[in-house]
Amino acid sequence: PFLAACAVGTPTYMAPELWCTEGMPPYSAKSDMWALGVVLYEMLTGRRPFPRGSKAETGAAILQIGRA
(Lines give C-alpha, C1' and ligand atoms only; values in the text may rest on other atoms or scores of the structure.)
Protein backbone atom coordinates (compact mmCIF):
# COMPACT_ATOMS: atom_id res chain seq x y z
CA PRO A 1 0.00 0.00 0.00
CA PHE A 2 2.81 2.49 0.75
CA LEU A 3 4.43 2.14 -2.67
CA ALA A 4 1.08 2.62 -4.37
CA ALA A 5 0.93 6.11 -2.82
CA CYS A 6 4.46 7.13 -3.86
CA ALA A 7 5.91 8.06 -7.22
CA VAL A 8 8.85 5.70 -7.60
CA GLY A 9 10.61 4.37 -10.64
CA THR A 10 13.20 4.98 -13.31
CA PRO A 11 12.17 8.19 -15.10
CA THR A 12 12.27 6.74 -18.63
CA TYR A 13 9.89 3.93 -17.66
CA MET A 14 7.40 5.99 -15.64
CA ALA A 15 3.96 6.37 -17.21
CA PRO A 16 2.55 9.87 -17.79
CA GLU A 17 0.08 9.58 -14.92
CA LEU A 18 2.98 8.97 -12.52
CA TRP A 19 4.62 12.26 -13.57
CA CYS A 20 1.61 14.38 -12.60
CA THR A 21 2.29 16.74 -9.72
CA GLU A 22 -1.36 17.31 -8.82
CA GLY A 23 -1.80 14.82 -5.98
CA MET A 24 -0.46 11.31 -6.16
CA PRO A 25 -2.06 9.39 -9.03
CA PRO A 26 -2.76 5.73 -8.43
CA TYR A 27 -0.28 3.16 -9.69
CA SER A 28 -2.06 0.63 -11.89
CA ALA A 29 -1.53 -2.06 -14.49
CA LYS A 30 -1.53 0.74 -17.10
CA SER A 31 1.77 1.90 -15.64
CA ASP A 32 3.23 -1.57 -16.17
CA MET A 33 1.96 -1.61 -19.76
CA TRP A 34 3.68 1.74 -20.40
CA ALA A 35 6.96 0.41 -19.01
CA LEU A 36 6.64 -2.74 -21.14
CA GLY A 37 6.07 -0.57 -24.20
CA VAL A 38 9.24 1.39 -23.42
CA VAL A 39 11.23 -1.85 -23.09
CA LEU A 40 9.84 -3.18 -26.38
CA TYR A 41 10.66 0.12 -28.09
CA GLU A 42 14.23 -0.13 -26.81
CA MET A 43 14.52 -3.72 -28.00
CA LEU A 44 13.27 -2.88 -31.49
CA THR A 45 15.14 0.37 -32.05
CA GLY A 46 18.20 0.08 -29.83
CA ARG A 47 17.54 3.47 -28.22
CA ARG A 48 15.36 5.06 -25.56
CA PRO A 49 12.12 6.71 -26.66
CA PHE A 50 12.77 9.91 -24.64
CA PRO A 51 16.50 10.64 -24.73
CA ARG A 52 16.78 13.76 -22.57
CA GLY A 53 19.52 15.27 -20.44
CA SER A 54 17.70 15.37 -17.11
CA LYS A 55 14.84 13.78 -15.18
CA ALA A 56 12.78 16.96 -15.52
CA GLU A 57 13.22 17.02 -19.31
CA THR A 58 12.33 13.33 -19.52
CA GLY A 59 9.18 13.91 -17.46
CA ALA A 60 8.16 16.87 -19.63
CA ALA A 61 8.59 14.81 -22.81
CA ILE A 62 6.54 11.93 -21.39
CA LEU A 63 3.80 14.30 -20.23
CA GLN A 64 3.55 15.77 -23.74
CA ILE A 65 2.94 12.27 -25.10
CA GLY A 66 0.40 11.58 -22.35
CA ARG A 67 -1.61 14.68 -23.32
CA ALA A 68 -1.72 13.79 -27.00
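A residue counts as buried when its relative accessible area is under 20%, and as exposed when that value is over 50%. Keep that cut-off in mind; the tour comes back to it at E42. The model on screen is predicted.

**Whole chain**

Start with a cartoon view. The chain has 3 helices and 0 strands. From the N terminus on, the elements run α-α-α. Now colour by burial. Of the 68 residues in the chain, 25% are buried. Switch to a surface. About 4900 Å² is exposed, and carbon and sulfur atoms supply 65% of that area. Then look at the contacts between residues with a separation of 6 or more. Pairs 24 or more positions apart account for 40% of them.

**Stop 1: E42**

Select E42. This glutamate is found in helix 2, which covers residues 29-45. Is E42 buried or exposed? Its relative accessibility is 19%, and the limit for buried is under 20%, so E42 counts as buried.

Next, show the side chains around E42. Setting aside residues up to four places away in sequence, E42 touches Y13, R47, R48 and P49. Two of these partners deserve a closer look.

Pick Y13 first. The side chains of E42 and Y13 make a polar contact at 2.9 Å.

Then pick R48. Its side chain meets that of E42 in a salt bridge, 3.4 Å from N to O. Side chains of opposite charge can pair when their charged atoms come close. How many salt bridges does a search of the whole structure find? The search finds 1. Compare the two ends of the bridge. E42 is buried at 19%, whereas R48 is partly exposed, with a relative accessible area of 43%.

**Stop 2: the nonpolar core**

Clear the selection. Now select M14, L18, W19, F50, A61, I62 and L63. These 7 residues make up the largest nonpolar core. Helix 1 (16-19) and helix 3 (55-67) each supply at least two of the core residues. Which helix gives the largest share? Helix 3 does, with 3 residues. In soluble globular proteins, nonpolar side chains tend to be buried together.

Zoom in on L63, a member of this core. Leaving out residues up to four places away in sequence, L63 touches P16, W19 and C20. W19 is itself part of the core.

Move to A61, which lies in helix 3. A61 is buried because its relative accessible area, 7%, is under 20%. Beyond its neighbours within four places in sequence, A61 is in contact with F50 and R52. F50 is also one of the core residues. For a distance check, draw a line between the C-alpha atoms of A61 and P51. The two residues are 10 apart along the chain, and the line should read 9.1 Å.

**Stop 3: a nonpolar surface patch**

Go back to the surface view. Select M33, L36, V39, L40 and M43. Together they make a nonpolar surface patch of about 500 Å².

Finish on M43. Like E42, this methionine lies in helix 2. Is M43 buried or exposed? M43 is exposed, because its relative accessible area of 63% is over the 50% limit. Its neighbour in sequence, E42, is buried at 19%. Display both side chains together to see the contrast: E42 in its salt bridge with R48, and M43 in the nonpolar patch.

Terms used:
Residues are numbered from 1 along each chain as its sequence is written. This is a predicted model: local features need pLDDT of at least 70, side-chain atom pairs count only at pLDDT 80 or more; totals for chains, interfaces and linings use all residues. Side-chain values use heavy atoms; hydrogens and water are left out. Patches are made of residues with over 30% relative accessible area and no salt bridge: like charges are joined within 9 Å, nonpolar side chains (Val, Leu, Ile, Met, Phe, Trp, Tyr) within 5 Å. Accessible areas come from the Shrake-Rupley method with a 1.4 Å probe; for residues, only the protein chains shown count as cover. A salt bridge is a side-chain nitrogen of Lys or Arg within 4 Å of a carboxyl oxygen of Asp or Glu. Helices (H or I, at least four residues) and strands (E, at least two) are DSSP runs, numbered from the N terminus. Buried means under 20% relative accessible area, exposed over 50%, partly exposed in between (1.4 Å probe, protein chains only). A nonpolar core is a set of buried Ala, Val, Leu, Ile, Met, Phe, Trp, Tyr and Cys residues joined through side-chain atoms within 4.5 Å. Contact means heavy atoms within 4.5 Å. A polar contact is a pair of N or O atoms within 3.5 Å; within protein, one must be able to donate a hydrogen and the other to accept it, and residues adjacent in sequence count only if both atoms are side-chain atoms.
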